[in-house]
Amino acid sequence: MLAIGTAYIFALFKINLNKPMAHNVAEMRPGEVGIVAGFTDEHLSVKLMEMGCLPGSAIRFNFSAPFGDPVCISVSGYELSLRLEEAATISILN
Amino acid sequence: MTASSRPKIALVGNPNSGKSSLFNYLTGLNQKIGNFPGVTVEKKSGLTTLGDGSTAEIIDLPGIYSIYPRSLDERIVAEILLDHHAPTSPDKIVVIVDGTNLKRGFLLLTQIIDLGLPTILAMNMMDLAAKAGMSYDFVELSKKLGIPVVPINARNGIGLDELKKQLTKTIPLPQEPVFTIWKEAEAPVLAIRERLGVDNNYEAYQFLEQPQSLKFLSTPNQEVVQSIRKRFEFFPGKFQGAETIQRYSFIQDLLNAITLKVSDNTWKKNSSYIDRILLHRVGGYLIFFGILFLIFQAIFAWATVPMDFIDGFFADVSKYLAATLPRGVLSSLLAEGIIPGIGGIMIFVPQIAILFAFIAVLEETGYMARVVFLMDKIMRKFGLNGKSVVPLISGVACAIPAIMATRTIDNWKERTITILVTPLMSCSARLPVFTILIALIVPDQKAFGFFNLQGLALMGMYLLGFVAAILSAWVMKLLIRVKERSYLIMELPTYRIPKWSNVGYTILEKTKAFVLEAGKIIIAISVILWVLASYGPGDSIDRARELVLEENQNARLTEQGLEDRIAAFKLEHSYAGRIGKAIEPLIKPLGYDWKIGIALITSFAAREVFVGTMATIYSIGSVNEDDAATIKDRMRAEVNPVTGGPRFTPAVGFSLLVFYTFAMQCMSTLAVVYRETRGWKWPMIQLAYMTVLAYVSAFIVYQLLA
């Protein structure tokens, strides 16, 4: 009974214990919001920052392309498209 | 005022900041495309009248996000801005930023200011910013940056008078640079300034940071920079991230000081609703293919009316000149070489104009970036990039503008592969060849009641070209090995209603580029071919009439019939005919004889010349009486002397179709590839692989069907 109740509450609030918390943008789900913590790739980080993706700014995962890659994010008021491997270099706090 | 004393004003800004609207508004139809000396890339410039009545040259530079280049387009801007001593160096710079979101535009702005060129800031889209509830203190902004600031709206021209007025004044250079160069870099910067006479710290710093953008320096000077870099152990790229962060922290302080009111909606809403439909996993592709279908429909169906008109017009001019001018070499050259050559270029103008009308609209609305987004994953599997889609689509009209459109692809390998495979897309010059061959070998019947077999065959040829392009790209992906990483960090711009005058200017610009680029070469080759086809060794050409009369003593020929036979006789004994006969052993395995050989050679000016050559060689009079039916009937009646059957069997016809699909029979394309890749290596590789592909495929097709 308790198990069913818990499952119901989890489902109600869309809590998924199997899915770990997102550590980078590639792991985020559509609509999820996080804060840019840093970058794991120095070369790409400059390009990302030039495009408006700055440490400390809020970042939202909007949606992914039909085959799951690339993905569309919103950051600093800009909408950017990134490939998954590039999204994976952006670490986030949430 | 002479051209040299005219002030040069460069427009710099992010992509989608409204830079081209501003350029079009300032220059109107006074635009021209030339080349930057040194860099082999086109320069878009135009004249405008400033506030005090003087004229200035406005230069439109490609849109960039930062002074550190990644794609070819961006490198051009870096090279022009770094080379202060060149005569082409701009006197003043207008940096245009998107007023609805200043951060990123300001990053570029602070870099430009630090380069030490007189700069004006134009804040664009202030109407949209106001609508979103934002407002800024321009006086404070101008004071903090130390440069003039002008709010404008480039879509309807508001604020341009003020901008023009500011451009007549002397612009003060800000005293303090935004970015303070690191302690470690001070010594090498000083060394560069002393050795090369660079007059600004940040410019000298860029010399150290950008070894790849210093093509304007002489080789000894480049070595000086290299040795300084070595002596002080300066590694390019090491401080870029830190520099960007320092600039953004300055910008954040600046924004805090000048923002009077911030907008309240954080995430853009409108675009996401449209994106939900246009980027749907099924619907998105259906819409995209629907748009593609519409474009092809337009290119092939709607363009035929103006094309027929142009074709008829040049045929008439040619005929008229031949009839009125006194007979002679020059009038023959004019009527049979140059005029048809120009006609051969002009006939493609409607298709190219229509294609670029569509592409410009798709780009203006912001949809093109979504196409890149949709196609990237698929294209990447074949060694291409989402951005390769535009060149490949354009290739259906003409490979020349298509190859020029590859400049936006940042990754060198993906760009090169796109350039190499684009000519496999069936361009409009192949269409006349396909049409006549298909009419010859495919019965005009319906399959399953409603599919026209000839139509299916034509569609099959286009598909074949596309499949060949994709597969060749995949093979090249495996063959070309580079370390450079591929990425797709791209902006998805907000959807907008297109500005129709911008669409018009794009059509004009692309068509002009095509006419000039292809035009030079097609005319040159037309003249060469005319010489090859009109002259021959020995005196058989001069005695053509005599010899034909002798041969046909017993035949009762009409005047027209006689002239036709003379023309065919001349062609057979000309240099072109000799070459055709010389290559006959080579093309025999493909099922061709020397007459087809001549057509293959003349096709090098433009593929559609095949039809004209066929008409002459099968002596049905001048091409201009062009009933395709007569050419077709003649070709059908042609007998293969070896078999006694018809010359154009299905085997020969399909072999020719395949050959024309794959072969690189376009000098203009090779010339453009040479220019875009800055060398002969890639055009030669392209010529070689396409010729081999064409030959081998045609051989297999012929041997299988024969």
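**View 1. Chain A, from end to end.** Buried residues account for 38% of the 94 residues in chain A. This is a predicted model, so read every close-up here as a look at a prediction. Chain A is built from three helices and five strands, and along the sequence these follow the pattern α-β-α-β-β-β-α-β. Take the contacts in chain A with a separation of 6 or more: 55% of them are between residues 24 or more positions apart.

**View 2. A sheet that takes in strands of both chains.** Here's an open sheet of six strands, with antiparallel pairing and the order 5(A)-1(A)-2(A)-3(A)-4(A)-12(B). Which strands sit at the edges? They are strand 5 (90-93) of chain A and strand 12 of chain B, each of which pairs on one side only. At the chain B end, strand 12 pairs with strand 4 (residues 78-82) of chain A, antiparallel, over two bridges. Look for Leu80(A), which stands opposite Glu491(B) of strand 12.

**View 3. Zooming in on strand 5 of chain A.** Strand 5 runs antiparallel to strand 1 (residues 33-39) of chain A, and four bridges join the two. You can pick out Gly38(A) opposite Ser91(A), and Val36(A) with its bridge partner Ile92(A). Strand 5 has two faces: Ile90(A) and Ile92(A) make up the covered one, while Ser91(A) and Leu93(A) are on the uncovered one.

**View 4. Where the two chains touch.** Chain A puts 30 residues into the contact and chain B puts in 29. On the chain B side, at least two residues each come from helix 3 (102-114), helix 10 (240-258), helix 11 (270-278), helix 16 (367-381) and strand 12 (490-491). What kinds of residue does chain B bring to the side that touches chain A? There are 13 nonpolar, eight polar and eight charged ones.

**View 5. Inside the nonpolar cores.** The largest nonpolar core has 188 residues, and the ones that touch the most other members are Cys53(A), Leu80(A), Leu11(B), Val95(B) and Ala122(B). There's also a second, separate core of 12 residues, with Val189(B), Tyr205(B), Leu208(B) and Ile228(B) among them. Back in the largest core, have a look around Cys53(A). Leaving out residues up to four places away in sequence, Cys53(A) touches Val36(A), Leu48(A), Ile59(A), Val75(A), Leu80(A) and Ile90(A). Some of these names should be familiar: Val36(A) pairs with Ile92(A) in the sheet, and Ile90(A) belongs to the covered face of strand 5.

**View 6. Helix 14 of chain B, kink and all.** This helix covers residues 329-346, and there is a kink of about 30° in it, centred on Ala335(B). How far apart are its end C-alpha atoms? They are 24 Å apart, which agrees with the 26 Å that 18 residues should span at 1.5 Å a residue. Its buried residues are Ala335(B), Glu336(B), Gly337(B), Ile339(B), Pro340(B), Gly341(B), Gly344(B) and Ile345(B). So the kink is centred on one of the buried residues, Ala335(B). What do the buried residues pack against? Their partners are helix 13 (304-324), helix 22 (500-534) and helix 28 (609-617) of chain B.

**View 7. A cis peptide bond in chain A.** Most peptide bonds are trans. The one from Asp69(A) to Pro70(A) is cis, with omega near -5°. To find Pro70(A), go to the loop between strand 2 (58-64) and strand 3 (71-75) of chain A.

**View 8. Two residues of chain B with positive phi.** Most residues other than glycine have a negative phi. Met125(B) is not a glycine, yet its phi is positive, about 60°. Met125(B) lies in the loop between strand 6 (119-124) and helix 4 (126-131). Glu233(B), also not a glycine, has a positive phi of about 50°, and it is found in the loop between helix 9 (219-231) and helix 10. Which of the pair is buried and which is exposed? Met125(B) is buried, with 23 other C-beta atoms within 10 Å. Glu233(B) has 9 C-beta neighbours inside 10 Å, so it counts as exposed.

**View 9. Ile291(B) and Leu362(B).** Ile291(B) lies in helix 12 (residues 283-302) of chain B. With 16 other C-beta atoms within 10 Å, Ile291(B) is partly exposed. Leu362(B) is 71 residues away from Ile291(B) in sequence, and in space the two are 9.7 Å apart, C-alpha to C-alpha.

Definitions and conventions
Residues are numbered from 1 along each chain as its sequence is written. Chains are lettered from A and ligands numbered from 1 in the order in which they are written. This is a predicted model: local features need pLDDT of at least 70, side-chain atom pairs count only at pLDDT 80 or more; totals for chains, interfaces and linings use all residues. The expected span of a helix is 1.5 Å times one less than its number of residues. The bend at a residue is the angle between axes fitted to the seven residues ending there and the seven starting there. A residue is buried if 20 or more other C-beta atoms lie within 10 Å of its own, exposed if 12 or fewer, and partly exposed in between; C-beta atoms are placed from the backbone. Two residues are in contact if their C-beta atoms, placed from the backbone, lie within 7 Å. A nonpolar core is a set of buried Ala, Val, Leu, Ile, Met, Phe, Trp, Tyr and Cys residues joined through C-beta atoms within 7 Å. Ala, Val, Leu, Ile, Met, Phe, Trp, Tyr, Cys and Pro count as nonpolar, Asp, Glu, Lys and Arg as charged, and the others, Gly among them, as polar. Two strands pair if DSSP finds at least two bridges between them.
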